[in-house]
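Open your viewer and keep the sequence panel beside it. We will go from one selection to the next, with a short note on what to look for at each stop.

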Amino acid sequence: MKPTTEKSLSCAIFGHNYIRSKTNIDHTAEFTCTHCDTVVLTDEHGNFDTNTVSNSQIKDTLKELYYLTRRFSKLKAS
Ligand SMILES: [Zn+2]
């Protein structure tokens, strides 16, 4: 079994692998990443609802995640 940190790293590099997990009555849908269980919502037009998080915030988070994962790998190796 692969550790969760490796899965999250692959999401950070290659992007999430979303599957539709829920469809709401108002035509919005919920997608869950099969790798890291990140949940995103789409609006009634099928677009990802990114109003809550700006792009720069996502980038910062991914960068943080990347460095965290590297640190964990080093700890495991030593
Ligand atoms: Zn993911």
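## Stop 1: the zinc site

Select the zinc ion first: its protein donors are Cys11 (SG), His16 (ND1), Cys33 (SG) and Cys36 (SG), lying 2.0 to 2.3 Å from the metal. Donors here are N, O and S atoms within 2.8 Å of the metal (3.2 Å for Na, K and Ca), and because water is not among the atoms, sites may look incomplete. Before going further, note that this is a predicted model, in which local features need pLDDT of at least 70 and side-chain atom pairs count only at pLDDT 80 or more, while totals for chains, interfaces and linings use all residues. Residues are numbered from 1 along each chain as its sequence is written, and side-chain values use heavy atoms, with hydrogens and water left out.

Now display the angles at the zinc ion. The four donor atoms subtend 102 to 113°, which makes the arrangement tetrahedral (four donors count as such if all angles lie between 85 and 135 degrees). For reference, the ideal angle for four tetrahedral donors is 109.5 degrees. In the sequence panel, the donor residues follow the spacing C-x4-H-x16-C-x2-C.

Colour two of the donors by accessibility, where buried means under 20% relative accessible area, exposed over 50%, and partly exposed in between (1.4 Å probe, protein chains only). Cys33 is buried, at 0% relative accessibility, whereas Cys36 is partly exposed at 22%.

## Stop 2: the whole chain

Zoom out and switch to cartoon. The chain has two helices and three strands, in the order α-β-β-β-α along the sequence. Both kinds of element are DSSP runs numbered from the N terminus: helices are H or I with at least four residues, strands E with at least two.

How many of the 78 residues, as a percentage, count as buried? The figure is 15%. Of the contacts between residues at least 6 apart in sequence, 23% join residues at least 24 apart, a contact being heavy atoms within 4.5 Å.

## Stop 3: the sheet

Select residues 18–23, 29–33 and 39–42, which are β1, β2 and β3. They form an open sheet in the order β1-β2-β3, with antiparallel pairing; two strands pair if DSSP finds at least two bridges between them. β1 and β3 stand at the edges, each with a single partner strand, so one side of each has no neighbour in the sheet. On average, neighbouring strands are turned by 30° against each other, direction ignored (axes are lines fitted to C-alpha atoms, for helices over the stretch in contact, and angles run from 0 to 180 degrees between N-to-C directions).

Five bridges join β1 to β2. To trace the register, pick Ile19, which stands opposite Thr32, then Thr23, whose bridge partner is Ala29. On the other side, four bridges join β2 to β3, and Phe31 stands opposite Val40.

## Stop 4: inside β2

Show β2 as sticks. Five of its five residues are buried, so the strand is largely enclosed by the rest of the structure. Both faces are covered, with Ala29, Phe31 and Cys33 on one side and Glu30 and Thr32 on the other.

Centre on Thr32, which counts as buried at 17% relative accessibility. Leaving aside neighbours within four places in sequence, Thr32 is in contact with residues including Asn17, Tyr18, Ser21 and Val39.

Next select Glu30. Which residue forms a salt bridge with Glu30? The partner is Lys22, the closest N and O atoms being 3.5 Å apart; the term asks for a side-chain nitrogen of Lys or Arg within 4 Å of a carboxyl oxygen of Asp or Glu. A search of the whole structure finds one salt bridge. Lys22 is partly exposed, with a relative accessible area of 42%.

## Stop 5: the two hairpin loops

Finish at the turns. The hairpin of β1 and β2 has five residues between the strands. Within that loop, select His27: its phi is near 70°, a positive value in a residue other than glycine. His27 is exposed, at 61% relative accessible area.

The hairpin of β2 and β3 also has five residues between the strands. Pick Asp37 there: its phi is near 65°, again positive in a residue other than glycine. Asp37 counts as exposed, at 56% relative accessibility.

Notes: Tetrahedral: all angles 85-135°; square planar, octahedral: opposite > 155°, others 65-115°.
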